[in-house]
Amino acid sequence: MTEYFVDLGSKNITIYKKDAGLILKEPSIVVISNHKKRVTLVASGSKAQSLIGNTTIDQQIVYPIKCGAIYHPKGAVLLLKSLIDKSLKQNYFTKSKFEVIVGISCGLTLTERKQVEEVFIATGASKITLIESVCAVNQSIGGSNCIIDFGGEKTEVAIVTPKGIIAGCTVDICGDSINQLIMDYLADKYRVMVQYFTTERLKKVVANLLKDDLTTVTVNGRGLVDKEPKSVKLTAREIKEAILPAIDKICGVVEKVLFMIPENLGEEIYRKGIYVCGGAGKLVGLADYLQAKLLMKINLIEDIDNCCCIGGASYFYNKELLNEMLNISFKR
């Protein structure tokens, strides 16, 4: 029986295969065709991403997962089935059985969790187990911890033990929020409208939380009024000014969650500090800024992008712990 851990991200799907390791990481995007009212898959993952701007009139670009929840069920089934089939190397005549443990947002409702299960059933999974992603991340650290998971469309803050979440919160402040703040800043101060991919590049290449970065970058966009091409000089300090409100709001959330730490865990968590993961966690200077703001040690988790899958894969070999955490039974 093939077993997978799937990190169900809004931006990327990451798959870990038991005894094989990380085998796949693809953008959470599909291109589908609605020809004659029949929905069929044109491309998924990176291939679908390469078709943006080059689709035909009967093709549609779909982002099936938003804020960790299933937004487009049919698109989600087509995406996940194509990725899993690729790893199984199966075809119509050779159907392999497989089980999945799925890392999900701790903020999903019961209805949203059921929808995730239904999608994986439709992909052909014979058994589906849902666990919160922060619990999987915690497995890659060990013990009890405070974790901040900076995602593309959400940020999760949680106090986690090997037996589950003690306290936690999911907020819509994330990588996309940072992009939007940069766009708003350019619109408000310079009256320039820029594309999403421009702000994504600025965030990855220029944005930081350092104190005295004097870097300057030229940003190309269009005037808000005349729609004519326009270029402006933007400094790293200005970008920091634009994105700090989002970071400060997350700090406020962390402080509230820290107040919920039980007395028996307080010493361990305050001694170890806060652990940070997720794509937006790679923002330069973030750890130092959080440490100064929260007055706690900040640890960037090793393999910050894939620690959820790496930690979650440990459940393949310790199903007794998973059984205890979720109160479910497994067959050996």
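Okay, let's start at K272, which sits in helix α8, the stretch from 263 to 272. Keep in mind that we're looking at a predicted model here. So, is K272 buried or exposed? It counts as buried, because its relative accessibility is 15%, and the cut-off for buried is under 20%. And which residues does K272 touch, once we skip the ones within four places in sequence? There's a run of G142, G143, S144 and N145, and then there are K297 and N299.

Now let me move along the chain to helix α9, residues 286 to 294. Five names to pick out here: L286, A287, Y289, L290 and L294 are buried. Those residues lie on the same side of α9, because the arc they cover around the axis is only 165 degrees. If you like the general reasoning, an α-helix has 3.6 residues a turn, so residues three or four places apart point the same way. Turn to the other side of α9 and you find D288 and A292, which are exposed.

What sits over the buried residues of α9? The cover includes two strands towards the end of the numbering, β17 at 274-277 and β18 at 298-300, together with strand β11 at 145-150 and helix α7 at 236-258. And just after α9 ends, have a look at L295: its phi is positive, about 55 degrees.

Since we're on positive phi, two other residues belong in this part of the talk. One is D19, which isn't a glycine and still has a positive phi of about 70 degrees. You'll find D19 in the loop that links β2, residues 12-17, to β3, residues 21-27. D19 is exposed, because its relative accessible area is 66% and the exposed class begins over 50%.

The other one is K227, again a residue other than glycine, with phi near 65 degrees. K227 is in the loop between β15 and β16. How exposed is K227? It's partly exposed, at a relative accessible area of 45%.

That loop takes us to the hairpin itself. Strands β15 and β16 make a hairpin, and there are 5 residues between them. β15 covers 216-223 and β16 covers 229-235; they run antiparallel and are joined by 7 bridges. If you want a pair to click on, try T218, which has K233 of β16 opposite it.

The hairpin is part of an open sheet of 3 strands, in the order β14-β15-β16, paired antiparallel. At the edges are β14, just 192-193, and β16, and each of those pairs on one side only. Between β14 and β15 there are 2 bridges, again antiparallel. For a pair on that side, V192 has G223 in β15 as its bridge partner. Then there's a helix to add to the picture: α6, residues 196-205, lies across β15 and β16, and its direction is at about 170 degrees to that of β15.

Let's go to another open sheet of 3 strands, this one ordered β5-β4-β6, also with antiparallel pairing. Here β5, at 40-44, and β6, at 59-62, are the edge strands; each has a single partner, so one side of each has no neighbour in the sheet. On average, neighbouring strands in this sheet are turned by 30 degrees against each other, ignoring direction. β4, residues 30-33, pairs with β5 over 4 bridges, antiparallel, and S33 stands opposite T40 in β5. Helix α2, residues 73-88, packs on this sheet and touches β4 and β5, with its direction at about 60 degrees to that of β5.

Last bit: let's zoom out to the whole chain. It has 11 helices and 18 strands. Does the overall size fit a compact globule or not? It agrees, because 332 residues would give a radius of gyration near 20 Å in a compact globule, and this chain has 21 Å. Along the principal axes, the C-alpha trace spans about 60 × 60 × 30 Å. Of the 332 residues, 52% are buried. Among contacts with a separation of 6 or more, 63% are between residues 24 or more positions apart. And for the surface, the chain exposes about 16700 Å², with carbon and sulfur atoms supplying 52% of that.

How values were computed. Residues numbered from 1 in each chain as written. Predicted model: local features only at pLDDT ≥ 70, side-chain atom pairs only at ≥ 80, totals over all residues. Heavy atoms only, no water. Pairing = 2+ DSSP bridges. Buried < 20%, exposed > 50% of the residue type's maximum accessible area, 1.4 Å probe, protein only. Contact = heavy atoms within 4.5 Å. Arc of directions from axis to C-beta. Rg over C-alpha atoms; globule rule 2.2 N^0.38 Å. Areas by Shrake-Rupley, 256 points an atom, 1.4 Å probe, with all protein chains shown as cover. Axes fitted to C-alpha atoms, helices over the stretch in contact; angles between N-to-C directions.
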